[in-house]
Amino acid sequence: MTDYRMHILICGGTGCKASESNEIKEKFNHFISEFDLEDEVQVLFTGCFGFCEKGPIIKVLPDNTFYVSVAAKDIEEIVKEHILKGRPVKRLLYKEPVSGEVISESQDMDFYKKQIRIALRNCGFINPENIEEYISRDGYMALGKCLSEYTPEETTNIIKDSGLRGRGGGGFPTGLKWEITRKVESDQKYVVCNADEGDPGAFMDRSILEGDPHSVIEAMAICGYCIGADTGLVYIRAEYPLAIERLKTAIKQAEEYGLLGDKILGADFNFKIELRYGAGAFVCGEETALIHSMEGLRGEPTVKPPFPSVSGYMEKPTNVNNVETFANIPVIINKGAAWFSKIGTDKSKGTKVFALAGKINNVGLIEVPMGTTLREVIYDIGGGIKDGKEFKAVQTGGPSGGCLTKDFLDTPIDYENLLSAGSMMGSGGMIVMDEDDCMVSIAKFYLEFTLEESCGKCNPCRIGNKRLFEILDKVTEGKGTLEDIDKLKVLSDVIKDTSLCGLGQSSPNPVLSTIANFEDEYLSHVEEGKCPAGQCKSLVRYDILEDVCNGCTLCFRNCPVGAITGERRTPHFIDQSLCIKCGVCYDKCKFNAITVN
Amino acid sequence: MDTVKLNIDNKSVVVKKGTTILQAAKEIGVDIPTLCYMKLDDLNIENKPGGCRICVVEVEGRRNLAPACCTDVNEGMEVKTHSIRAINARRTVMELILSDHPADCLICAKSGNCDLQDMAHNLGIRKLNYQGEQSHYREDTSPAIIREVDKCIMCRRCEMMCNEVQTVGVLSAINRGFESVVAPAFEMNLDHSVCTYCGQCVAVCPTGALTEVDETAKVVRVLSDPTKTVIVQTAPAVRAALGEEFDMEAGTLVTGKLVSALRRLGFNYVFDTDFAADLTIMEEGTELLNRIGKHLEGDKDVKLPILTSCCPAWVKFFEHQFPDLMDIPSTARSPQQMFGSIAKTYFAQKLGIKREDLVVVSIMPCVAKKYECGRDEFKVDSNPDVDHAITTRELAALIKLSNIDFHTLPNEEFDNPLGESTGAAVIFGTTGGVIEAAVRTAYEVHTKKDLPKIDFDELRGMEGIRKATIDFDGIPINIGIAHGLGNARKLLEEIQAGESEFHAIEIMSCPGGCIGGGGQPYHHGNADIIKKRQKAIYQEDSKKAIRKSHENPHILKLYEEFLGEPMSEKAHHLLHTKYFDRT
Amino acid sequence: MSKIKSLSDLKKIKEEVQSKMKLRENSDNPEQFVQVKVGMATCGIASGAKDTMKFFIEELELQAVDAVVTQTGCMGYCYAEPTVEVILPGKEPVVFGYVNKNKAEEIIDTYIKKGKLVDGIIPISFKTIDE
């Protein structure tokens, strides 16, 4: 075993590499060999540290010193002072921008405090198919504590005091929901976990179920204890086979260990959990549609009131919560409501898991305290925009949300702020868009989804969304008029105002928010017939420059629909009425004779 | 506090807790427009999916508009039913519905009688701002009902009637989103499904999506054929409702005008199905007494209760759903079919004409009768006993088409020998009527005594399931009555479980009985109309000179001259039938 | 497995498992295991984590290295799947990204057997609730 006494980790993320990290590594190698330190010091590249604006980044182990904004010319000093003499180079250390404090260890940096994993606390740390690993990390302690030390009312109050709000998108105070369900008198009650996760691109719930299914099981049992239910149902979408397997295994193990079943942990409390499978309907993420789907009826929402807390599954009081909401419960019980409510903002406590996707470098799952700004999420944690492009918009809330421009980047994330900004928290999908994304196309993409997923029960959603989509389609085809943009707004407002359930009430949001924030793009489509981002195929126009084309016939021979005509050695011509805008001619031309507009 | 005080359009109103905005508004004369909502009071039938979004109203403090039909009132609520926001929303929703609806009002069967058309008119729609693709589906024709599925607006009334009231379960919403529509499973045709053709879906459909098969053209053709003798029979329920098609008040008895209209139409003989109803009582009453008699003597094999069998939708219902009980219903045919059978034998003989040259047309409140006359067992060498069955609505159309001014028609009498009927026959049209008619005859035949009272009030009413015990001179006979197939199912399940307490049960498929049939003038959701028709039926009964079937002189003559006696071999051959397992 | 009958029983199990794990991590103890955790959520599996895990199990066995290879959930670095966490006795956990068979081989030969770090470490970017 070679025993290096020091490791130099150089950030190999895209941002830092675009700076000088390669030269930095060369310099290190040079000086380390010059001072004969090859057997003592190892230099290597790592993945992105995420702190891209302060790159190039260097971390020194084992002392955890964190250098920022390092230049190649600084390396000699680092080797001489820090590696040889053990004296960190102070001027290269990170300075906290507000306090001016110099921070040498990365653990103490605010940047590292940007993500706090509460719901994801065990994901990536334990084997989800081994209950003992869960137990070793305080698993089922919260359940035990409630059963032995707190009454159902006291436990409900803890959840209320924590300020936890529904993580499925609604943001309803969880403790209050539990209390309402608890107070309804009935011989039978149910706890339901909404694991339908229909938002395209969202995978927070999936990761929790695949990585830490016991946290949800424990939380459901705690909920059952609070509201007086002995049966829990997990409605999980059939498109998550691995999550289903892990959950089944976890339930079985919990039963074997007596943590589900009769007289749990010696208390007078029985609880069992059953799985119910979705069948590919986004609308079944809506709680009443979910309940009807479980009852074997058509998955359609029904009018609320009555709310499920009063009359839900089989017309019994039912408490429906999202997977992520449940994942927070054991921690709140173990660490206390006060600890939890210290994290986050005034009205939105705790953390939120986001599935970062789109044109961003570090695509993945993050969990940040409420109040973190969008800028911090996208640039610090997400590593900034891919390929160095310009940020254009960030979409939150899935097909029910809106697109926010760079003017909103400093918005602290919480339920109220996102709503007043014109979007919503949703279940946690966050999609970043760059200059190559056409906002009209994006709105059309989301509307196409909700149109397909509408249950069809009420007229404004079933027919209104279809008409809305047809108008948007017209605009992306370059056939829209100014009147159409007005129609989009008017119809969207009526659909929002009259739809029966959340799907219809929020399906026009992408349209309304893109019209509000990117009106110029719509006008460009409508007045000039141009798509500024170049994404709307019908508005893209391929032309051959007469004075450049030498008649080599390469494009003519490759056009799949025969839209190009021309004799050898004479300039060729594209018939726009036949052109399908596939772009093959543009790719093939060796003489740059084809323009794309 | 059991009451709630609120303001609707600045008018204060106090209502019971649990009242909806729609109901509260009605109490102060505010008529919020509705489309999918339908409530048939007294019949316990309500359709409240909250899906059409036409009845939306503005409620202060609420973010979006509220559907008045399914939003309960709260203390201090401020409701605006015709604010510009509410009106604009309603009109936009209507425009959206119309944008996905065939624009063939001028030739649609429901034109002039269509809830959607009326609503569009009331909302003042003059322009369709949103136009685009329309959803298209396959049209479906069956012996009795036509489904023009493109016209479906997803009000779910037919689904509610078929599943919750009739418990047949043929229609339900299928597909999702823009493609969603109400149809049988796998979009199969009605005639491949367990549809009973009760026609209740047709009775409640607010558009032309569900209508009956129109046979008026066939009737006109047959009336113009000089080689045929065309006779007509009219069901009891028709005379209590036909006037509504000519703007008369519901419950106006128009028997006399009905007869004269039919004569003017060109029918050679105008007869009365009620005559055959009396005949049915003779046969079924005898069967009833036979079975009960054997039972009282201790026969363990005899099947009780005996169930009436004059309703073809009910017959199809138990053939599909309760084939294990096929030997329980009476074997007697329905009055329509008994009439046809006797007409094409007894009467054809009397006229001296061939069976094929006699055409029997029936006027029925029912669409299932169209299916019934096509059943093979009711044909002789492919010649049906009843050639065409048309509904009350189709007759009204024929009358209008033939330039007859209904209002100025004189009252005329039915022809004989198949036109004379008793009060017992008339009440066949309402729930409780068939069994009351049977009891009137059974009592006198069995006890050989006069009835102490002819009216059996204990058998009358509108509740879905009714029970009564009739004292047959010391022997208590338990009678059960059900109308609506869902109620019938309950009684049948009791029989299956061996727990039935009844000796005889009357079953009618349609809520209210035949007066509420699928072929009657549309009630548009007003159950009061059905109650008024029921009243008219009992009125006609009470005015009749002869009120017991076995006292009908023409019936007695028929047996004497032709049939012999009830349940004779000839009677069995012509007037009884068997059933088929359709599972 | 006999059922856990009370909260104190549960606590006992927690302590047992925790001490077992500490034993593994403690470099003074002769029973030193290398722990390899492979991210086996759907994103990991879709990128080939099953092959990666199989490789680690077989190769470490072949090379007679005392190691425990287990599966774990999503670590959150979806852009760098398959991800693998390696805990050498007495050392801090290190997460590697883009671990295909070649990278796995490099990790075994270079880091596990020689303690020399390898390119492509994913720096941990979050705090857990215990910090």
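Let's start at a pair of strands in chain B: D140(B) has R147(B) as its bridge partner in β9(B). Keep in mind, everyone, that we are looking at a predicted model. The pairing around D140(B) belongs to β8(B) and strand β9, residues 145–147 of chain B, which run antiparallel and are joined by 2 bridges.

Now widen the view a little. These strands sit in an open sheet of 3 strands, ordered β8-β9-β12 in chain B, and the pairing is antiparallel. Which strands stand at the edges? Those are β8 (140–141) and β12 (210–212) of chain B; each has a single partner strand, so one side of each is left without a neighbour in the sheet.

Let me place this in the chain. The domain assignment splits chain B into four pieces: domain 1 covers 3–82, domain 2 covers 99–212, domain 3 combines 232–275 with 337–408, and domain 4 combines 282–334 with 420–575. If you want a feel for the spacing, the C-alpha centres of domain 1 of chain B and domain 3 of chain B are separated by 44 Å.

On to the neighbours, then. Chain B meets chain A through a contact that takes 34 residues from chain B and 32 residues from chain A. Together the two chains bury about 2,800 Å², with 51% of that on carbon and sulfur atoms. On the chain B side, the residues that lose the most area to chain A are Y130(B), R176(B) and F178(B), together 24% of what that side buries.

How many salt bridges cross between chain B and chain A? The rule finds 4. One to look at on your screens is K466(A) with E133(B), where the closest N and O atoms are 3.2 Å apart. There are also 19 residue pairs in polar contact between chain B and chain A, counting pairs with both residues at pLDDT 80 or more.

As for where that surface comes from, α2 (84–99) and β10 (172–174) of chain B each supply at least two residues to the side that touches chain A. The largest share is from α2(B), with 8 residues. By class, that side of chain B has 15 nonpolar, 12 polar and 7 charged residues.

Next, please turn to chain C. Here 50 residues of chain C are in contact with 61 residues of chain A, and the two chains bury about 4,700 Å² between them, 58% of it on carbon and sulfur atoms. The salt bridge count between chain C and chain A is 1. Its partners are D138(A) and K14(C), with the closest N and O atoms 2.2 Å apart. Polar contacts come to 18 residue pairs across this interface, again with both residues at pLDDT 80 or more.

Several elements of chain C each bring at least two residues to the side that touches chain A, among them α2 (42–46), β2 (67–72) and α4 (101–114). Which one gives the most? That is α1(C), with 8 residues. The side of chain C that touches chain A divides into 25 nonpolar, 13 polar and 12 charged residues.

There is strand pairing between these chains as well. Strand β7 of chain A, residues 116–117, is joined to β6(C) by 2 bridges, and the two run parallel. If you zoom in there, I116(A) has K127(C) as its bridge partner in β6(C).

Last stop, the inside of chain A. This chain is divided into domain 1 (6–106), domain 2 (131–341), domain 3 (351–434), domain 4 (439–528) and domain 5 (541–596). I'd like to show you domain 2 and domain 4 of chain A, whose C-alpha centres lie 35 Å apart. In this pair, 13 residues of domain 2 are in contact with 7 residues of domain 4.

Domain 2 and domain 4 of chain A bury about 900 Å² between them, 73% of it on carbon and sulfur atoms. Three residues, P200(A), F282(A) and P301(A), supply 50% of the area that domain 2 buries against domain 4, more than any other three residues. The rule finds 0 salt bridges across this domain interface, and 3 residue pairs in polar contact, both residues at pLDDT 80 or more. On the domain 2 side, the touching residues divide into 6 nonpolar, 4 polar and 3 charged.

Thanks for listening, and I'm happy to take questions.

Notes:
Residues are numbered from 1 along each chain as its sequence is written. Chains are lettered from A and ligands numbered from 1 in the order in which they are written. This is a predicted model: local features need pLDDT of at least 70, side-chain atom pairs count only at pLDDT 80 or more; totals for chains, interfaces and linings use all residues. Side-chain values use heavy atoms; hydrogens and water are left out. Contact means heavy atoms within 4.5 Å. Buried area is the accessible area (1.4 Å probe) that two parts lose on being put together, summed over both. A salt bridge is a side-chain nitrogen of Lys or Arg within 4 Å of a carboxyl oxygen of Asp or Glu. A polar contact is a pair of N or O atoms within 3.5 Å; within protein, one must be able to donate a hydrogen and the other to accept it, and residues adjacent in sequence count only if both atoms are side-chain atoms. Helices (H or I, at least four residues) and strands (E, at least two) are DSSP runs, numbered from the N terminus. Ala, Val, Leu, Ile, Met, Phe, Trp, Tyr, Cys and Pro count as nonpolar, Asp, Glu, Lys and Arg as charged, and the others, Gly among them, as polar. Domain bounds come from an automatic or database domain assignment. Two strands pair if DSSP finds at least two bridges between them.
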